[in-house]
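Hi everyone, thanks for making time for this. I'd like to walk you through one structure, so please have the viewer open and follow along.

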There are 2 protein chains.
Amino acid sequence: MTPAFPAGFPRLLSGSLPGAANLPAVRGHNAALVLDLLRAAGETGASRPELAEGTGLTPQAVSKITARLRDAGLVAEAGRRPSTGGKPRTVWRLVRDARYAVGLHLDRDELTAVLADLLGGPVAVHRAPFDLGAPPERALEEAVEAVRVLLAPTAPEAGPRAGVLGVGVACPGPLEHRAGVLRRVTGFPGWDGFPLRDALAERLALPVALDKDTNAAALGLALRGADGAGSGSGGESFAYLHLGTGLGAGLVLDGTLYRGARTGAGEFGHQVVQVDGPECGCGDRGCLEALCLAAVARGDTAAAARALGVGAANLAGLLDIDRVVLGGRTVLADPEPYRAGVAAVLAARAERTDGRPVPVSTAPGGARLVADGAAHLVLAPLFGRLEPARGPLTWTPPGGEGVVGE
Amino acid sequence: MTPAFPAGFPRLLSGSLPGAANLPAVRGHNAALVLDLLRAAGETGASRPELAEGTGLTPQAVSKITARLRDAGLVAEAGRRPSTGGKPRTVWRLVRDARYAVGLHLDRDELTAVLADLLGGPVAVHRAPFDLGAPPERALEEAVEAVRVLLAPTAPEAGPRAGVLGVGVACPGPLEHRAGVLRRVTGFPGWDGFPLRDALAERLALPVALDKDTNAAALGLALRGADGAGSGSGGESFAYLHLGTGLGAGLVLDGTLYRGARTGAGEFGHQVVQVDGPECGCGDRGCLEALCLAAVARGDTAAAARALGVGAANLAGLLDIDRVVLGGRTVLADPEPYRAGVAAVLAARAERTDGRPVPVSTAPGGARLVADGAAHLVLAPLFGRLEPARGPLTWTPPGGEGVVGE
DNA sequence: CCCACTTTGGCAACAGTGTTGCGAAAGCGC
DNA sequence: GCGCTTTCGCAACACTGTTGCCAAAGTGGG
């Protein structure tokens, strides 16, 4: 089968829609491709020929790109592969501490701030009590203070915050990630319309990205592999289901976080799975959240898991996803029954449709999951996995100009 | 707010993951951007400055690109805009009959073949009885024959099939669009594993793209606007719900057809909305399809619409979509009650969440909807909306080389 | 009717991307 | 020691969009 269109025929660079492609964009795109492959390669690293194979670039192009990335300090040589009869390949690896990102998780009663390296690994953690019900200005002040405390000891001689790319912030929804504005956080109406992203960006003089807690968690899982086994390579699709105070989901489709135009995607708790079922706080009947939480309240973990499984099966069928990851306080308090219960429902469904059952796992990272993921809101753009955060740029790259350019 | 990263910093061209960007890819990408804007502009057309504004390209780049596209015959000047104090703008429009595509809908008992122009408009239609239960080889023969009949009268002097880009084929699922292979079409096990795409491509000597009927319909709706009002511009998200023999869905997320890795996305009929509900043919209980079809069977349209609405509301919440389009024989036989019923459920939900209700409409295009959409499986790649079809290329562009490239 | 002004859009030179051709470097195996 | 394989850099190249500049083609006021 020959290709359907001659070379140069209109063809996606990836998903099309946004943006014109000019030379800087091409450079950035290909650099991101290489970085993403190196990220996925982890400790193993990757040689130039392997990067060429993986990206579709020519070896010579890879040579130029790795040289630029080396000069920017983002990658470094790390040994060689055994020879296969010729000159041995030089192995490249990501320089973990070349840049940092802050992940900030603002939960109802607690705040978690994480300083993460390029791979998302934790460098420092700061935890503090927090009151989402306090007046926004006061809460904002506490968030700012937490980031300051976190960054204080970093590279004191190179000036504070050297190499910090920005701050990713994760909150309970609803909110609008594109505008960086909170909506009526359940139970905390004072936040409605508060421009959290811009306020934080101004106070911290750093780029800030805002998203829902479930989205941040899902993004983090997408970039490090749900089992912590690295990977997070290709365009896999999965759902992160979070059962805690409420029930929500984060969706990663084809390797990209799917948020919807209004950051409303992942509304999972009020999926109706029992028409004319018991009333839910939302006013509807038979919502998944109501069923799950009722079962949890009466100690019937099996029933809660079964309900969760029905929702997971609906979701898995609708979106043809590759795996399901469970998290949230309720699940993590006693993970196995939930995992097994959800897996059982999915297995039963797979048997009926002659398909492979969708694997189910529980989220690693424990209480830091969301904060770690929030850091990835800032890191992911480097690897071409998300649009960049917005805000003032204070960190100036070594060359003084573009990091990768020159 | 300054941009977060200096120019040239790794940044998405669009959705990342696939493909390296080289110069031909850039050319194709930008050409597709321009073509897509012109497609969305329809009769109105667009001037160079408008295209520059819409794509983000510089006016000079747009000039070069439109010149290439004019030489390829894909676009043409079409009058001028009134002057605003200076030289009036030249209006460009897509040349509808510059290229053609065939859309082939293989249904259980009928076959529809459509010859469509660049905009997806019908040029010729051919309908024939068809038996999906027949041996694959015989069905294949009939499909080939139908395409031959459809193409026979086209441009007899320029050789048959001049300007035909390829054939888009839509079938009932399940199938795998990437491999171009059918799976156990419900009730017709003989098709399991049959490489329909490659077989057709070889017999017709044309590129062929294969997809589910619901996906083809959704793609068609995405590219012409559900109400036939043109548009289909930006990255909107919607769901096409098809109620006929069965119940299925086609999903368009952020302007792109979402199919899932195994073409399994859009599995809507067996979403469980009533745990412990009535048994479904699939072996589960409380499936949407079972509830809907039972209501239809007993003549209770209102109940069928209400059930459909519950499913639509679940879907709309989970994916944060912009609108819902209803179609399929059952709905189209008496559209309004379904539209109103589904809209009512969505409106009630919107009221509870203080959101805007998701608009509901019924699909235009009637019985030809799927066949029209199938043609778009071939057309969409031109506009950067889908990866290209695969198969032998027989149609040689004017220049002898790439269409857009020289 | 003329002239200043605005806007469009082409031409030419340019910066910078990945590509190609070729050769040096660095190992393996006989 | 020598031929062979493989890696990888240098130099020339093709071609992209970009920039600077100017001609073309209108409007509108005097």
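Let me begin with one piece of vocabulary: when I quote helix packing, an axis is a line fitted to C-alpha atoms, for helices over the stretch in contact, and angles run from 0 to 180 degrees between N-to-C directions. One caution as well: this is a predicted model.

With that in hand, go to chain A. Helix α1, residues 23–41, packs against α3(A) at an angle of about 80°, and the two axes are 10 Å apart. That makes α1(A) roughly perpendicular to α3(A), because angles of 65 to 115 degrees are put in that class. Which residues of α1(A) and α3(A) meet? From α1(A) they are A:N30, A:A31, A:V34 and A:L35, and from α3(A) they are A:V62, A:I65, A:T66, A:R68 and A:L69. By class, this contact of α1(A) with α3(A) has six nonpolar residues, two polar and one charged.

Now switch to chain B. There α1(B) and α3(B) pack at about 80° with axes 10 Å apart, which makes α1(B) roughly perpendicular to α3(B). On the α1(B) side the contact uses B:N30, B:A31, B:V34 and B:L35, and on the α3(B) side B:V62, B:I65, B:T66, B:R68 and B:L69. The contact of α1(B) with α3(B) divides into six nonpolar residues, two polar and one charged.

Let's bring in the DNA. Around strand D there are 30 residues, and the closest are A:S63, A:G86, A:K87, A:T90 and B:T58. Which elements give two or more residues to the surface near DNA strand D? They are α2 (48–55) and α3 (59–71) of chain A, together with α1 (23–41) and α3 (59–71) of chain B. In terms of chemistry, the surface near strand D is made of nine nonpolar, 15 polar and six charged residues.

For strand C, there are again 30 residues around the DNA, and A:T58, B:S63, B:G86, B:K87 and B:T90 come nearest. The elements giving two or more residues to the surface near strand C are α1 and α3 of chain A, with α2 (48–55) and α3 of chain B. By class, the surface near strand C has nine nonpolar, 15 polar and six charged residues.

Zooming out to chain A as a whole, you'll find eleven helices and 15 strands. Of its 406 residues, 54% count as buried. If you take the contacts in chain A with a separation of 6 or more, 60% of them come from residues 24 or more positions apart.

As background, nonpolar side chains tend to be buried together in soluble globular proteins. In this model, the largest nonpolar core has 245 residues, and those with the most contacts inside it are A:V169, A:V324, A:V342, B:V169, B:V324 and B:V342. A second, separate core has six residues, including A:A21, A:V26, B:A21 and B:A25.

Here is one buried spot to click on. A:A101 sits in strand β4, residues 100–106, of chain A. Is A:A101 buried or exposed? It counts as buried because it has 29 C-beta neighbours inside 10 Å, where 20 or more are needed. Leaving aside neighbours within four places in sequence, its contacts are A:A116, A:V164, A:L165, A:G166, A:G168, A:A375, A:V378 and A:L379. The C-alpha atoms of A:A101 and A:G163 are 8.3 Å apart, with the two positions 62 residues apart in sequence terms.

Last, some backbone geometry for the force-field people. Most residues other than glycine have a negative phi, and most peptide bonds are trans. With that in mind, look at the cis peptide bond joining A:G173 and A:P174, where omega is about -5°. A:P174 lies in the loop between β7 (164–171) and β8 (175–176) of chain A. In chain B, a cis peptide bond joins B:G173 and B:P174, with omega about -5°.

The phi case is A:D276, which is not a glycine and has a positive phi of about 65°. You'll find A:D276 in the loop between β13 (256–258) and α7 (288–297) of chain A, and A:D276 is exposed, with 9 other C-beta atoms within 10 Å. Over in chain B, B:D276 has a positive phi of about 65° too, and B:D276 is exposed, with 9 other C-beta atoms within 10 Å.

Technical notes. Residues numbered from 1 in each chain as written. Chains lettered and ligands numbered in written order. Predicted model: local features only at pLDDT ≥ 70, side-chain atom pairs only at ≥ 80, totals over all residues. Core = buried A, V, L, I, M, F, W, Y, C linked by C-beta atoms within 7 Å. Buried ≥ 20, exposed ≤ 12 C-beta atoms within 10 Å, placed from the backbone. Near = placed C-beta within 6 Å. Helix = DSSP H or I, 4+ residues; strand = E, 2+ residues; numbered from the N terminus. Nonpolar A, V, L, I, M, F, W, Y, C, P; charged D, E, K, R; others polar. Contact = placed C-beta atoms within 7 Å. Parallel < 35°, antiparallel > 145°, perpendicular 65-115°, else oblique.
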